[in-house]
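This report describes ligand surroundings and one helix packing, and it is best read with the model open alongside.

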Amino acid sequence: MPRFIYHRNVFFFFNTSTCLLLIAPILMAPTSASMCTPLRTLNNSLSYRRRYMKHYFPINYTVRVHHEEIFKLSNISKMCLDEDGVDELVLQRLWFQVNQGVLKKIIQVLPKRHPSRSYTAELERRFKDAEGVFVLSHPAEVFYQELPETIQDIWDRLTEEPERMVDTSWGYAFPKSLLDNLCHTMYCLFHECFSNTEDQQDCDECAVSG
Ligand SMILES: *[C@@H]1O[C@H](CO)[C@@H](O)[C@H](O)[C@H]1NC(C)=O
Ligand SMILES: *[C@@H]1O[C@H](CO)[C@@H](O)[C@H](O)[C@H]1NC(C)=O
Ligand SMILES: *[C@@H]1O[C@H](CO)[C@@H](O)[C@H](O)[C@H]1NC(C)=O
């Protein structure tokens, strides 16, 4: 029995590399239209974030996160300016990596029966749906490409074992701010799906090539 079926991501990679090569040119479009459905579903859930991430939390409650999990529009602009080889796809990959950690950390501080728990779990499900479509809509090779150096450094810090991290690597953020960041950077990095959104105005995304 082939071993890859036990691992969801590898299974995806196997599928994409064998089946999707033929139609790769279509799928290389900056953001495939198929991404918009799951992202808009996620966006709908995010519209309740004030209630679940602020009103249902103690005043000024903060969540401990990696510094790199504080990922705002200003980070995107900076990365685009400073780094060769940073394109929209690289930033989209980073967006998924950052925010899956963010959602996980919010869930971790919530007791099972807290009303924000099931809300965040639903966000996480919808986020994973979008990630699944994202992975499937690009050729597998894309995910093996080397990342620009500073992005790779961020990636390594994000995936560091918590017990091996030094204290200064942690930051504290309001849960609502974390989801605001998730939302605003989503409007920017997947602008094809959110062309009517006002938040786009602040979006200084990397020049979209091709
Ligand atoms: C995203 O959600 C906001 C409300 O939070 C809404 O105003 C906007 O129209 C939504 N965008 C799309 C494309 O669904
Ligand atoms: C919450 O933070 C704000 C701004 O830092 C501060 O003015 C306020 O006193 C804090 N509230 C509580 C209950 O700690
Ligand atoms: C975004 O910028 C903040 C402040 O400059 C920094 O602490 C954080 O690590 C940056 N996030 C990423 C993903 O680079």
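A residue is taken to be near a molecule if one of its heavy atoms lies within 4 Å of it. By that criterion, in this predicted model, ligand 1 is surrounded by R40, N43, S47, Y187, C193 and F194. Divided by class, the shell around ligand 1 holds three nonpolar residues, two polar ones and one that is charged. Within this shell, N43 places a polar side-chain atom 2.4 Å from an oxygen atom of ligand 1. The protein buries 53% of the 360 Å² that ligand 1 exposes when taken alone.

Two residues of that shell, N43 and Y187, also take part in a contact between helices. Helix α3, which spans residues 36-46, and helix α9, which spans residues 175-189, have axes that come within 11 Å and cross at roughly 145°, and the crossing in which α3 passes α9 is left-handed. On the α3 side the contact is made by L39, L42, N43 and L46, while α9 contributes L179, L182, C183, M186 and Y187. Sorted by class, this contact of α3 with α9 comprises eight nonpolar residues and one polar residue, with no charged residue.

A second ligand site has its own set of neighbours, since H67, E68, I70, F71, N75, M79 and I154 surround ligand 3. The shell around ligand 3 has four nonpolar residues, two polar residues and one charged residue. Polar atoms of H67, I70 and N75 approach ligand 3 as well, and these pairs are set out below together with the N43 pair of ligand 1.

| Residue | Atom of the residue | Ligand atom | Distance |
|---|---|---|---|
| H67 | polar backbone atom | oxygen of ligand 3 | 3.3 Å |
| I70 | backbone N or O atom | nitrogen of ligand 3 | 3.1 Å |
| N75 | side-chain N or O atom | oxygen of ligand 3 | 2.4 Å |
| N43 | polar side-chain atom | oxygen of ligand 1 | 2.4 Å |

For ligand 3, H67 and I70 thus supply backbone atoms to these pairs, whereas N75 supplies a side-chain atom. Of the 360 Å² of accessible area that ligand 3 has on its own, the protein covers 60%.

Notes. Residues are numbered from 1 along each chain as its sequence is written. Chains are lettered from A and ligands numbered from 1 in the order in which they are written. This is a predicted model: local features need pLDDT of at least 70, side-chain atom pairs count only at pLDDT 80 or more; totals for chains, interfaces and linings use all residues. Side-chain values use heavy atoms; hydrogens and water are left out. A polar contact is a pair of N or O atoms within 3.5 Å; within protein, one must be able to donate a hydrogen and the other to accept it, and residues adjacent in sequence count only if both atoms are side-chain atoms. Accessible areas come from the Shrake-Rupley method with a 1.4 Å probe; for residues, only the protein chains shown count as cover. Ala, Val, Leu, Ile, Met, Phe, Trp, Tyr, Cys and Pro count as nonpolar, Asp, Glu, Lys and Arg as charged, and the others, Gly among them, as polar. Axes are lines fitted to C-alpha atoms, for helices over the stretch in contact, and angles run from 0 to 180 degrees between N-to-C directions. Helices (H or I, at least four residues) and strands (E, at least two) are DSSP runs, numbered from the N terminus. A crossing is left-handed if the near helix is turned anticlockwise from the far one by less than a right angle, and right-handed if clockwise. Contact means heavy atoms within 4.5 Å.
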